[in-house]
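Dear colleague,

I am handing over the structure we spoke about, with some notes on what was found in it. Please read them with the coordinates open beside you.

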Amino acid sequence: MSAAPEGQRLVRGAVIGTVVGLLVYAGLVLWADLDGVRAAIAALSPRTLLEAAGLVLAGYVLRFARWELYRVRVGREVPALLGLTRLRSGLVFLAGLALTVSPGKLGEAFKSILLKEEVGAPVSRTAPMVLAERLTDLLALLLLIGLANASAASAHGWVLPVALGLSGGALAVLLSPRLGGMALAVLGAMGPLARLRPRAEQALVSTRALLAPSLLLGALVLGTGAWTLECIAAWRLASGLGLPAPEFAPVVAAFALSLVAGAVALFTPGGLGVTEGLLTEQLRRRYLEGGAAAEVARAGAASATLLTRLLTLWFAVGLGLVGLALHRRGVGRRPAADEAA
C-alpha cells in the first residue's frame with residue numbers, strides 16, 4: 001500500500017473527527033446553557049489561559065524528547081533515521097499531531113508515513129515508535145490516577161480495570177516471545193492477512209527493543225511529566241472560572257480518567273464525546289461539592305471541559321498543521337550535498 005493513499009485515509013478520518021468534535025461541543029453548550037457558559041468563560045483571565053497554554057507546550061517538549069529517545073534507538077537498525085536533523089525530526093513529530101482526532105489516535109501513525117517519505121525507513125520499523133508512545137502515555141495516565149486519588153475512579157470503576165487489562169495484555173504479547181509467537185501464528189493463519197506476518201514479526205522485534213527496561217523507564221518519566229503538566233493546566237482552567245475552586249488531586253484524577261476512557265473507546269475519533277462527557281460530569285460534581293448551584297456547576301463544568309479540550313486536543317491539532325506545512329516546505333532539511341556525503 002502506497003504512502004499517499006494511506007495518508008489520504010488518515011486525513012479523511014481527521015476531517016470526520018473534526019466534524020464529530022464540533023457536534024459534541026455544540027451539544028455540550030446546549031446542555032449546559034449558552035449564557036451560563038459565556039459567563040463562566042468570561043470570568044477566566046487571559047493570564048490563566050496563557051499559563052495553561054504554556055504548560056501544554058512544555059508537555060510537548062517532553063514528548064518530543066521521548067520521541068528522540070525512540071528515534072535514536074531505532075536508528076541503530078535503520079541508520080537513515082539518524083540522518084534527520086533534530087528540527088526535521090521535530091516537524092515530523094508535530095505533523096503527527098495534526099491527525100490526533102482519529103480513532104484510537106491512529107492518525108499519529110502518519111509520522112511513520114512521513115519518515116518513509118523522508119528517509120525510506122520501513123513503516124514496520126518506525127510504527128513501533130508510535131505504539132511505544134501510546135503505551136507509555138497510557139501507563140503514565142494510570143499512574144497519575146493512582147497517585148492523585150484512586151477513589152475518584154469509583155464512580156466509573158470499569159475504566160481503570162479495562163485500561164489496566166488492555167495495557168497489561170499488550171505488554172505481555174509484546175514482551176513475551178511465547179505469546180508474541182502465538183499472536184504471529186494466529187496472524188499467519190488468517191488467510192489474506194498472512195502476508196503481513198513478516199512485517200508484523202519485524203515490528204514486534206523493534207517494539208521489544210523500545211520497551212527494554214532502561215528505555216521504558218526514561219520514556220515513562222518523560223510521559224508522566226508531560227501529562228502532569230497537562231493535568232496542572234486543566235486544574236488551572238477549572239479553578240479560574242469564578243466558581244468554587246476544586247482541589248488539585250480530584251481534577252487530576254478526573255482529567256486522567258477521562259483521557260483513559262477516551263483511549264479505551266477506540267471507536268471514537270480522539271476519544272471525542274467519551275472524554276468530554278466523563279470530564280464534564282466529574283467536574284460538575286466537584287463544583288457541586290464546593291457549594292455551587294446546580295445550573296452554575298453545570299455551566300462551569302461544560303466551560304472547563306471546552307477550554308481544557310481546546311488546549312489539550314485542538315491546540316495540538318493546530319500545532320500539527322503548522323508542523324506539517326513547514327515539513328512540506330522542506331524546513332530543516334539537509335542540503336543535497338550533505339545528504340549525499
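In this predicted model, the contact between H10 and H13 is made by Glu230, Ala234, Leu237 and Ala238 on the H10 side, which meet Ala304, Leu307, Thr308, Leu311 and Thr312 of H13. Sorted by character, the residues of this contact comprise six that are nonpolar, two that are polar and one that is charged. Helix H10 covers residues 213–239, and its axis packs against that of H13 at an angle of about 145°, with 9 Å between the two axes; the crossing of H10 and H13 is right-handed.

As for H13 itself, this helix runs over residues 294–328, and because its 35 residues at 1.5 Å a residue should span 51 Å, the 49 Å between its end C-alpha atoms agrees with expectation. Please note, however, that H13 bends by about 40° at Leu310, and that the helix is followed by Gly330, whose phi is positive, near 85°.

Turning to the aromatic residues, the count comes to four aromatic pairs. In one of them, the rings of Phe64 and Phe93 have centres 5.8 Å apart and planes at 55°, and since that angle is neither under 30 degrees nor over 60, the pair is tilted. Phe64 belongs to helix H3 (residues 46–74) and Phe93 to helix H4 (residues 86–97), so that this pair, its members 29 residues apart, links distant parts of the chain.

With best regards

Note on methods: Residues numbered from 1 in each chain as written. Predicted model: local features only at pLDDT ≥ 70, side-chain atom pairs only at ≥ 80, totals over all residues. Heavy atoms only, no water. Helix = DSSP H or I, 4+ residues; strand = E, 2+ residues; numbered from the N terminus. Expected span 1.5 Å × (residues − 1). Bend = angle between axes of the 7 residues up to and from the residue. Axes fitted to C-alpha atoms, helices over the stretch in contact; angles between N-to-C directions. Left-handed = near helix turned anticlockwise from the far one by under 90°. Contact = heavy atoms within 4.5 Å. Nonpolar A, V, L, I, M, F, W, Y, C, P; charged D, E, K, R; others polar. Phe/Tyr/Trp six-rings, centres within 6.5 Å; stacked < 30°, edge-to-face > 60°.
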